[in-house]
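Q: I'd like to learn how to read a model like this one, feature by feature. Could we walk through it together?

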Amino acid sequence: MSPSSTGPAGAPIRVLIVDDQELFRRGLTMVLAGESGIEVVGEASDGEHGAAMAAQTAPDVVLLDIRMPRRTGLEACGAIKLAVPSAKIIMLTVSDEEADLYDAVKSGASGYLLKDSSVEEVAQAVRVVADGQSLISPSMAVKLIDEFKQMSRPERDTGSGLRLTERELEVLRQVAKGHNNREIAKHLFISENTVKNHVRNILEKLQLHSRMEAVMYAVREKLLDLP
């Protein structure tokens, strides 16, 4: 089992699994239930039931499929974020379509994993997003970076109403490169807690839900340029 990681006040990370494939859902539940510091608080077989269960159980992390009956994962993602703003959502899907990735980010997802990910990768993703960070499958990360490059322009739009400080822009550039809080802290010679504070301030200023969404917004507004 992976090293222990816990939710608020040292409690286990409470996870809700929403997937219409029963065998996959049950198998994932059994495996995660055996992980240290993780507690599965419920299962749902469609987006509508998943959103309702999230409102009832207030999980820390929701593992959510995209293609589901009654209500898609993307629709459920938005509903869950409205009902339980503190919940972190990981899309766990077979879809490697760029459009689904971008829609998931816009809907407030903090993670995007393909179903060919290992159990260890899923458990690690749960711990990472519960800690306020973002995580996506490497193959999808490449597509996201490619999209950043296409969106980026050399000239900056100084007329933007956003007012990020230079330090916040430095942090945002590091986030865009896929670095976690510890790596950013080491690179900028500041504490991890300071990095967390900067990321929180960035999200508040941009009025966004996740690190990935903040980076996409910032590149679209030409607030930073990727190599």
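What follows is a short dialogue on the helices, their packing, and a few residues worth a look.

Q: Let's begin with the overview. How many helices and strands are in the chain?
A: First, keep in mind that this is a predicted model. The chain has 10 helices and six strands.

Q: What share of the 227 residues in the chain is buried?
A: Buried residues account for 49% of them. Contacts add to that picture: of those between residues at least 6 apart in sequence, 67% join residues at least 24 apart.

Q: How do I read the packing of two helices, say α7 and α8?
A: Start with the angle and the spacing of the axes. Helix α7 covers residues 166-176 and helix α8 covers residues 181-188; they pack at an angle of about 130 degrees, with axes 10 Å apart. An angle between 115 and 145 degrees is classed as oblique, and therefore α7 and α8 are oblique to each other. As for handedness, the crossing of α7 past α8 is right-handed.

Q: Which residues make the contact between α7 and α8?
A: From α7 come Arg-167, Glu-170, Val-171, Gln-174 and Val-175, and from α8 come Ile-184, His-187 and Leu-188. Sorted by class, the residues of this contact are four nonpolar, two polar and two charged.

Q: Gln-174 is in that list. Is Gln-174 buried or exposed?
A: For a call like this, go by relative accessible area, where under 20% means buried. Gln-174, which lies in helix α7, has a value of 5%, so Gln-174 is buried. Leaving out residues up to four places away in sequence, Gln-174 touches His-179, Ile-184 and His-187.

Q: And how does Arg-167 count by relative accessibility?
A: Arg-167 is also found in helix α7, but at 30% relative accessibility Arg-167 counts as partly exposed. Its contacts, again without residues up to four places away in sequence, are Leu-188, Ile-190 and His-198.

Q: How far apart are Arg-167 and Leu-188 in sequence and in space?
A: Here you compare two kinds of distance. The pair is 21 residues apart in sequence, and 9.1 Å apart in space from C-alpha to C-alpha.

Q: Let's move along the chain. How do α8 and helix α9 pack?
A: Same recipe, new pair. α8 and helix α9 (residues 192-206) meet at an angle of about 105 degrees, with their axes 8 Å apart. That angle makes α8 roughly perpendicular to α9. On the α8 side, the contact uses Asn-181, Arg-182, Ile-184 and Ala-185, while α9 brings Glu-192, Val-195 and Lys-196. The class split for α8 with α9 is three nonpolar, one polar and three charged residues.

Q: What should I look at in the loop between α8 and α9?
A: Look at backbone phi. Phe-189 sits in that loop, and its phi is near 60 degrees, a positive value in a residue other than glycine. At 76% relative accessibility, Phe-189 counts as exposed.

Q: Where does Ala-58 lie, and what is its phi?
A: Ala-58 lies in the loop between α2 (47-57) and β3 (61-64). Its phi is positive too, near 45 degrees, and Ala-58 is a residue other than glycine. With 40% relative accessibility, Ala-58 counts as partly exposed.

Q: Which glycine with a positive phi comes just after α4?
A: That's Gly-108, with a phi of about 105 degrees. Helix α4 (residues 98-106) has Asp-100, Leu-101, Tyr-102, Ala-104 and Val-105 buried.

Q: How do I check the span of a helix such as α5?
A: Set the expected span against the distance between its end C-alpha atoms. Helix α5 (residues 119-130) has 12 residues and should span 16 Å at 1.5 Å a residue; the end C-alpha atoms are 17 Å apart, which agrees. Its buried residues are Val-122, Ala-123, Ala-125, Val-126, Arg-127, Val-128 and Val-129. Gly-132 follows α5, and its phi is positive, near 90 degrees.

Q: One last residue. Is Lys-81 buried or exposed?
A: Lys-81 lies in helix α3 (residues 73-83). Its relative accessible area is 9%, so Lys-81 is buried. Beyond residues up to four places away in sequence, Lys-81 touches Ala-87, Ile-89, Ser-107, Gly-108 and His-209. Notice Gly-108 in that list: it's the glycine just after α4.

How values were computed:
Residues numbered from 1 in each chain as written. Predicted model: local features only at pLDDT ≥ 70, side-chain atom pairs only at ≥ 80, totals over all residues. Heavy atoms only, no water. Axes fitted to C-alpha atoms, helices over the stretch in contact; angles between N-to-C directions. Helix = DSSP H or I, 4+ residues; strand = E, 2+ residues; numbered from the N terminus. Parallel < 35°, antiparallel > 145°, perpendicular 65-115°, else oblique. Left-handed = near helix turned anticlockwise from the far one by under 90°. Contact = heavy atoms within 4.5 Å. Nonpolar A, V, L, I, M, F, W, Y, C, P; charged D, E, K, R; others polar. Expected span 1.5 Å × (residues − 1). Buried < 20%, exposed > 50% of the residue type's maximum accessible area, 1.4 Å probe, protein only.
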